[in-house]
Amino acid sequence: MSTTVFTNPRAKHGFQGRSCSIASVGSYVPEKILTNADLEKVVDTSDEWIFTRTGIKSRRIAAEAEFTSDMAAKAAQRAMDRAGITADQIDLIIVATITPDMLFPATACLVQAKLGARRSAAFDIEAACSGFLYAMEIGQQFIMSRTYETVLVIGAERLSSIVNWKDRNTCVLFGDGAGAAILQHRPDAHGLLTACMGADGHKAMLLCMPGGGSRIPATADSVEAGLHHLQMDGKETFKSAVTAMYSAAQEAMRRCEIDISKIKLVIPHQANRRIIDAVGDRLGAKPEQIFVNLDKYGNTSAASVAIALDEAVTQNRLDRGDLVLLVVFGAGLTWAAAVIEW
Ligand code: ACO
């Protein structure tokens with residue numbers, strides 16, 4: 001156990017809240033694999049360009065009638081099965097997504113119905129690729145305050161439905177999938193030690209989907225102008241991502257009074273291998289400390305770290321008591337870093 005090597009920031013100043021742990025995780029990715037070679041037939045690109053610039057080899061694409069709520073419910077059910085949780089035990093469902101099934105009702109409500117979780121509250125949050133960590137920190141507050149016993153947090157995306165498949169600058173980057181975590185108090189663990197969240201709305205337009213909201217409702221003209229697709233200034237996003245992820249990660253570790261050597265595994269948002277490497281280098285992390293799976297899935301936004309965390313657990317990369325650093329970045333701009341005693 002690593003309980004002696006860190007300070008629990010939430011226990012400072014005599015605060016009496018309960019700790020919140022991740023009881024279990026689960027994930028789901030669609031069956032269909034879209035490789036870089038497949039994309040060569042769709043846009044003017046190459047496997048060599050995509051892999052060297054991003055580290056991505058393939059991504060998963062949802063079936064025609066497979067929506068964000070379907071993937072979210074499958075990931076959630078896996079997490080529930082692992083923790084031995086039944087649907088009626090869930091007090092709250094939070095879904096982080098930028099690709100809800102529809103603008104309203106919340107995808108969390110659709111997931112609730114699919115799981116048969118009748119007595120839970122349910123809502124969505126939107127913090128793009130940072131959404132899962134934002135949702136986990138929100139869920140954590142309800143456990144810590146003794147308001148709820150069991151919170152289900154999900155990151156789920158069907159980005160294939162908002163990507164412009166004619167734009168080689170963006171369509172090669174994204175994929176579909178979902179990841180989930182069950183949050184509960186475990187008396188013997190510190191769990192979610194800290195989460196540093198941030199945002200910079202001044203850079204909101206670097207990465208956005210302009211159409212479909214109250215500002216530009218859907219019209220024939222807005223569709224024709226491509227305003228219902230994801231748009232991104234890749235270079236500026238890249239620079240902001242490295243700076244924000246590094247600073248958030250450093251702050252999270254500073255609050256716990258640890259350095260990178262105490263972290264068993266860093267699980268960064270899986271957007272671009274070069275961003276992951278740049279952040280890892282600045283943090284002084286060894287390659288074996290950093291979890292990478294974006295070669296298989298590309299950028300799945302809010303689902304990204306949730307899927308990665310589930311894979312890390314499945315691959316036995318984490319033992320109870322290990323310290324994990326999750327660090328994310330996304331549209332908004334938003335970012336977050338969390339230190340967790342696993
Ligand atoms: N295939 C071939 N050529 C391409 C492709 C492609 N798929 N895409 C772009 N190019 C071309 C460009 O047109 C450009 O050509 P030009 O010089 O003739 O204009 C050239 O390649 C270089 O483009 P750059 O933009 O300089 O490429 P860069 O090295 O910056 O990589 C990338 C682009 C991969 C998008 C990178 O900027 C990036 O990863 N940015 C960050 C994206 C990100 O992390 N988003 C996270 C948030 S996601 C969320 O919140 C939903």
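The following legends describe close-up views of a predicted model.

Residues are numbered from 1 along each chain as its sequence is written. Local features in this predicted model need pLDDT of at least 70, side-chain atom pairs count only at pLDDT 80 or more, and totals for chains, interfaces and linings use all residues, while side-chain values use heavy atoms and leave out hydrogens and water.

**View A. Residues around the ligand.** The ligand is surrounded by 26 residues, of which T45, R53, C129, K235 and N272 come nearest; a residue is near if one of its heavy atoms lies within 4 Å of the molecule. By class, this shell holds 12 nonpolar, 9 polar and 5 charged residues, with Asp, Glu, Lys and Arg counted as charged, Ala, Val, Leu, Ile, Met, Phe, Trp, Tyr, Cys and Pro as nonpolar, and the others, Gly among them, as polar.

**View B. Polar atoms at the ligand.** An oxygen atom of the ligand lies 2.4 Å from a polar side-chain atom of K235. For R274, a polar side-chain atom is 3.1 Å from an oxygen atom of the ligand. R168 places a polar backbone atom 2.9 Å from a ligand nitrogen atom.

**View C. The salt bridge between E137 and R10.** The closest N and O atoms of E137 and R10 are 2.9 Å apart in this salt bridge, defined as a side-chain nitrogen of Lys or Arg within 4 Å of a carboxyl oxygen of Asp or Glu. Because E137 belongs to helix α5 (residues 131-144) and R10 to the segment before β1 (21-28), the pair ties together parts 127 residues apart in sequence. Helices (H or I, at least four residues) and strands (E, at least two) are DSSP runs, numbered from the N terminus.

Technical notes
A polar contact is a pair of N or O atoms within 3.5 Å; within protein, one must be able to donate a hydrogen and the other to accept it, and residues adjacent in sequence count only if both atoms are side-chain atoms.
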